[in-house]
Structure formats: structure tokens, C-alpha cells
Amino acid sequence: MIETTPTDLAGIQLVRNAHGRLVLTLADGTVHTAVTPVRAFPLTAPTRGLSLVATDGKEALWVAQMDELQPEHRQLIEQDLAIREFVPSIQRIFKVSSFATPSTWDVQTDRGDTQMVLKAEEDIRKLQGRTKLLITGQDGVQYRIADTTLLDKHSRKLLERFL
């Protein structure tokens, strides 16, 4: 792992090549083609701890805080992360097929209305207390609830049956 400081990051270059891949050039001139950004803590600290991983699977650059990046570099990284990190946020729960698992949930997300199948109650993970949740559907898609207290009364009532 390479430790960096803001001055280390000032000497890097990050561009998108003709194939849409990120190309990282370090201050010493080392070029890494097709780096992949990976968050260390994507749910609890999404802007802290980011690794740019080279094609050989080794870390090419560690970024302690995304705020330390130049705005154009951060924008390129966030574009890549948005494609890789598909985690819709549940805004409303319309209905559940049963209160026993597996059950089918009809939900409204920030990406539109959808159905998901909850295999087991253990697929609902509590993050940072009881109000932040991560729910994994049968198909492997993860859904986030940023704050259960902001859900409408009907949604909270359905959700409480599973918590």
C-alpha cells in the first residue's frame, strides 16, 4: 500500500482513454492503464479510503480522502464508482407478500418501482444503529434505506415486522 499526502496527489494525472478506462500516471512517471477505483468503506465512509487498483490486482494509489483529489480526477472516479456500485435506495414499501421469508416486496426506489425477494431476515443488515439498513435481495442486488425514520408510516410498519 502506498501512503499519500495531498502533495503526492497533486503530481498525479488521471484521464479516461479511448476505451473508457481510467489511466493513472503517478508523479514519478509510472503509468497504470485501466485502474479500478475501490472504496475501503463504501457504506459507512464513502469519501474516505479509496484505492486505485491496477490490472494486476495491486494497489497503484491510495487516497485517504477523496476531497484531496483535483475536482476533475474526483469526477472521473465518481463516474466509475456510480457504474460499479448499483445500490438503489428504498423510499417506500408498498406491500410484502408475507411476513415469513422468503417474501416478495414491492418497493419504490430512487431508480423506480421494483420487486425484490427477501430470502431470510438475516439479509437485512443494520448499519450505524437501527435507522440505516442494507437489504440484500435474492438476486444479489443490495438496497439501502438511509434512514428508516424518514419512511412513511405504512412502510415503517411493514419493515418493523422483519426487524
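Q: How many aromatic pairs does the count come to?
A: The count comes to two aromatic pairs, where rings of Phe, Tyr and Trp (its six-membered ring) pair if their centres lie within 6.5 Å, and planes under 30 degrees apart are called stacked, over 60 edge-to-face and the rest tilted. One of them is the tilted pair of Phe99 and Phe162, with 6.0 Å from centre to centre and 45° between the planes. This is a predicted model, in which local features need pLDDT of at least 70 and side-chain atom pairs count only at pLDDT 80 or more, while totals for chains, interfaces and linings use all residues. Residues are numbered from 1 along each chain as its sequence is written, and side-chain values use heavy atoms, with hydrogens and water left out.

Q: And which parts of the chain does the Phe99 and Phe162 pair link?
A: That pair links distant parts of the chain, 63 residues apart: Phe99 sits in the loop between β6 (90–96) and β7 (103–109), and Phe162 in the segment after α3 (153–160). Helices (H or I, at least four residues) and strands (E, at least two) are DSSP runs, numbered from the N terminus.

Q: Is Phe162 buried or exposed, and what about Phe99?
A: Phe99 is partly exposed, at 35% relative accessible area, whereas Phe162 is buried, at 3%; buried means under 20%, exposed over 50% and partly exposed in between, for a 1.4 Å probe and protein chains only.

Q: What about Trp105 and Phe162, and why is that pair tilted?
A: The ring centres of Trp105 and Phe162 are 5.0 Å apart and their planes stand at 50°, so the pair is tilted. This pair also links distant parts of the chain, with Trp105 in strand β7 and Phe162 in the segment after α3, 57 residues apart. Trp105 and Phe162 are both buried, and ring pairs link Phe99, Trp105 and Phe162 into a cluster.

Q: Which ring does the charged end of Arg161 sit over?
A: The charged end of Arg161 is placed over the ring of Phe99, 3.9 Å from the ring centre, which fits the rule that NZ of Lys or CZ of Arg be within 6 Å of the ring centre and within 35 degrees of the ring normal.

Q: Switching topic, what does the side chain of Thr109 reach?
A: The side chain of Thr109 reaches the backbone oxygen of Gly112 at 2.8 Å, and a polar atom of that side chain also lies 3.0 Å from the backbone nitrogen of Arg111. Thr109 belongs to strand β7 and is buried, with a relative accessible area of 6%.

Q: Where does Thr148 lie?
A: Thr148 lies in the loop between β11 (142–145) and α3, and with a relative accessible area of 12% it is buried. The C-alpha atoms of Thr148 and Arg21 are 37 Å apart, and these residues are separated by 127 residues along the chain.

Q: Now the backbone: which residues does a cis peptide bond join?
A: A cis peptide bond, with omega at about 0°, joins Thr101 to Pro102, and Pro102 is in the loop between β6 and β7.

Q: What is the phi of Ala34?
A: Ala34 has a positive phi of about 60°, although it is not a glycine. Most residues other than glycine have a negative phi, and most peptide bonds are trans. Ala34 is part of strand β3 (31–39), and its relative accessible area of 13% makes it buried.

Methods
Polar contact = N/O pair within 3.5 Å; in protein donor to acceptor, adjacent residues only side chain to side chain.
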